[in-house]
Amino acid sequence: MKKIVPLIIAVFFNFQLASSQDIELSPTVIASAGNYSEAGGISLSWTLGEVAVSTLKQGDIVLTQGFQQSFLNEVGFGLNPIKWQIAAYPNPVVDKLRIQFDMPETRDFIIEIRDIQGRLISQQQQLQVLPGNVITFEMGAFNYGVYLFRISTTDRQQSRVLSITKL
């Protein structure tokens, strides 16, 4: 009994000392593969792992499971992204491609057409596109192949890319 009391007191004081210390965790990634490189003021960091992300928070501690998370500011569409969709038909196309715009208000767009190697074939600005508007592209003179249509808002903050096959 005389040996147990000092042992309990020692454990109690050690626990008090350990619990009163601040614990600081550094960001750590556990993945099946990854690397970090830095040169000329540019850093590259990558991991290979899960495709799903789950974030758990308790107080100031944050645990994010899954692919690597950045500590940089988020890059996005700003505070008021517009909601718009486009539909292209027919795809594959022979002569005339029609692109229909589904959006809440009239907007201006830039349409770039590139071949599969990324070369710019055509670029045009469409002003005052109304909701539900359909724009027609003559594709009869185009060679057979796959073309990428990049349709962007004029401020280039939002864009959609369509893959169109020319028969």
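In the predicted model, strand 7 and strand 8 run antiparallel and are joined by seven bridges. Within this pairing, E112 stands opposite Q123 in strand 8. The two strands form a hairpin in which four residues lie between them, and G118, located in the turn, has a positive phi of about 95°. As a general matter, the strands of a sheet pair through backbone hydrogen bonds, in either a parallel or an antiparallel manner.

On its other pairing, strand 7, which spans residues 107–115, is matched with strand 10, formed by residues 145–153, again in the antiparallel sense and over seven bridges. Here I110 stands opposite S152 in strand 10. These pairings belong to an open sheet of four strands, whose order is 8-7-10-11 and whose pairing is antiparallel. Strand 8 and strand 11 (159–166) stand at the edges of this sheet, and because each has a single partner strand, one side of each is left without a neighbour in the sheet. Neighbouring strands of the sheet are turned against each other by 20° on average, when direction is ignored.

Within strand 8, which comprises residues 120–129, lies Q126. With a relative accessibility of 17%, Q126 counts as buried, because the cut-off for this class is under 20%. The side chain of Q126 makes a polar contact, at 2.7 Å, with the side chain of Q124. When neighbours within four places in sequence are left aside, Q126 is in contact with R107, D108, F109, I111 and I135.

Technical notes
Residues are numbered from 1 along each chain as its sequence is written. This is a predicted model: local features need pLDDT of at least 70, side-chain atom pairs count only at pLDDT 80 or more; totals for chains, interfaces and linings use all residues. Side-chain values use heavy atoms; hydrogens and water are left out. Buried means under 20% relative accessible area, exposed over 50%, partly exposed in between (1.4 Å probe, protein chains only). A polar contact is a pair of N or O atoms within 3.5 Å; within protein, one must be able to donate a hydrogen and the other to accept it, and residues adjacent in sequence count only if both atoms are side-chain atoms. Contact means heavy atoms within 4.5 Å. Two strands pair if DSSP finds at least two bridges between them. Axes are lines fitted to C-alpha atoms, for helices over the stretch in contact, and angles run from 0 to 180 degrees between N-to-C directions.
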